[in-house]
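Work through the exercises below with the sequence and the model side by side. Try each task before reading the solution that follows it.

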Amino acid sequence: MNIYLVYIIVIFICMYSHLIFTSKTVKTTILIPAIIALAKTMGMDPVTLALAASFTLTYTITLPPHSKVNTIYFATGYFSVMDQMKYGLITCFIGATLICIYFHLVPIIGLWIVKGIKMRLILLRHGETEWNKSFRLQGHANSSLSERGIAQVKAIKPILAQFKPQIIVASDLGRVRQTAKIVGYKNAHFDAHLRELNMGDWTGKSKIDLLKEQPEYYKAWRAGEFTPDNGESWQDFCLRIKTTLLSYIKKYPNQDILAIVHSGVIRVFAMFSLVLRQINYYLSPQRHLQYLM
């Protein structure tokens, strides 16, 4: 069955269930688990289908004899049960239609961004570095891989070989270059736009010391609400990474790409891909974007 049709049927059933069940709790405990099971059976994303259905739960159409409250409600004489029935049918139809449009139109608009793309983007973080071991912020500075980091990279090399990526891109920082060389991609395209967040004056500082000396600033920085002097804001960093990775996706729409980068880069694109996840579902159900962290 077409997944668009499944969305429409489920949303309308959930919406018109208000004519039977007045209790939101009853509807939630009965319908949502059933919808999740249906989505899994049909190979659909259970979260998006259940989320669409949950939008209908805010509607309440009261018809007797659901509760004592309804008895009082209609006893006022301001309108009849038939009036409420007409109102309920019309508002349910309008509400269900709007929800269907929203959950279908947003992914369709998103297709314009990545139209025709059938590929995998594999994101690999560099191995552990000496500064990682001592909890120091690296940013655009560099620290060589630790023994454990080298072992990590060697261990993942055969797994990467199974993916057989056609395009290899990487940050130009030393720890990434070292990682790329170990996994067999020393001739990767090294791009400065794929660097880690620039941490400015905090570069090289200990996370432990910052938590002791500037706890509020550190927490605000981790939340993306503070930028150290001479550093890069979280918003600018997100824009840089999204723009760069999407440019590679558009440039190589039918080839698998391996990007050897940093943890911050992976976090940004993972956040962004939550929006693209459903878009990619419509493009190719069997080949979702894959993340190798």
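**Exercise 1. State what share of the residues in the protein chain is buried, and how the chain is built up.**

Buried residues, meaning those under 20% relative accessible area (exposed is over 50%, partly exposed in between, with a 1.4 Å probe and protein chains only), make up 44% of the 293 residues in the protein chain. This is a predicted model, in which local features need pLDDT of at least 70 and side-chain atom pairs count only at pLDDT 80 or more, while totals for chains, interfaces and linings use all residues. Residues are numbered from 1 along each chain as its sequence is written, and side-chain values use heavy atoms, with hydrogens and water left out.

Next, look at the secondary structure, where helices (H or I, at least four residues) and strands (E, at least two) are DSSP runs numbered from the N terminus: the protein chain has 12 helices and four strands. Finally, turn to contacts, which are heavy atoms within 4.5 Å: among those between residues at least 6 apart in sequence, 73% join residues at least 24 apart.

**Exercise 2. Find the buried residues of helix H8 and decide how they are arranged around its axis.**

Begin with residues 174-182, which form H8, and note that Arg 175, Val 176, Thr 179 and Ala 180 are buried there. Seen down the axis, these buried residues fall within an arc of 135°, so they line one face of H8; the arc is that of the directions from the helix axis to the C-beta atoms. Then ask what lies over them: the cover includes helix H7 (147-163) and the strands S2 (167-171), S3 (189-191) and S4 (257-261). Just past the end of H8, Gly 184 has a positive phi of about 95°.

**Exercise 3. Describe the largest nonpolar core and name the residues that touch the most other members.**

A nonpolar core is a set of buried Ala, Val, Leu, Ile, Met, Phe, Trp, Tyr and Cys residues joined through side-chain atoms within 4.5 Å. The largest one has 29 residues, and Leu 121 and Ile 257 touch the most other members. Several elements each supply at least two residues of this core, namely strand S1 (121-125), S2, helix H10 (215-222), helix H11 (234-251), S4 and helix H12 (263-283). The largest share, seven residues, comes from H11. Apart from this core lies another, of 18 residues, including Cys 14 and Met 15.

**Exercise 4. Compare the two sides of H10.**

On the buried side are Tyr 218, Ala 220 and Trp 221, which cover an arc of only 165° around the axis and therefore sit on the same side of H10. These buried residues pack against helix H9 (207-213). The face turned away from them carries the exposed residues Glu 216 and Lys 219.

**Exercise 5. Examine the salt bridges, and explain what the pair Glu 128 and Arg 148 ties together.**

A salt bridge is a side-chain nitrogen of Lys or Arg within 4 Å of a carboxyl oxygen of Asp or Glu, and by this rule there are five. In the pair of Glu 128 and Arg 148, the closest N and O atoms are 3.0 Å apart. Because Glu 128 lies in the loop between S1 and helix H6 (130-133) and Arg 148 lies in helix H7, the pair ties together parts that are 20 residues apart in sequence. Glu 128 counts as buried at 13% relative accessibility, whereas Arg 148 is exposed at 53%. Another salt bridge joins Arg 240 and Glu 232 (2.9 Å, N to O), and both of these residues are buried.
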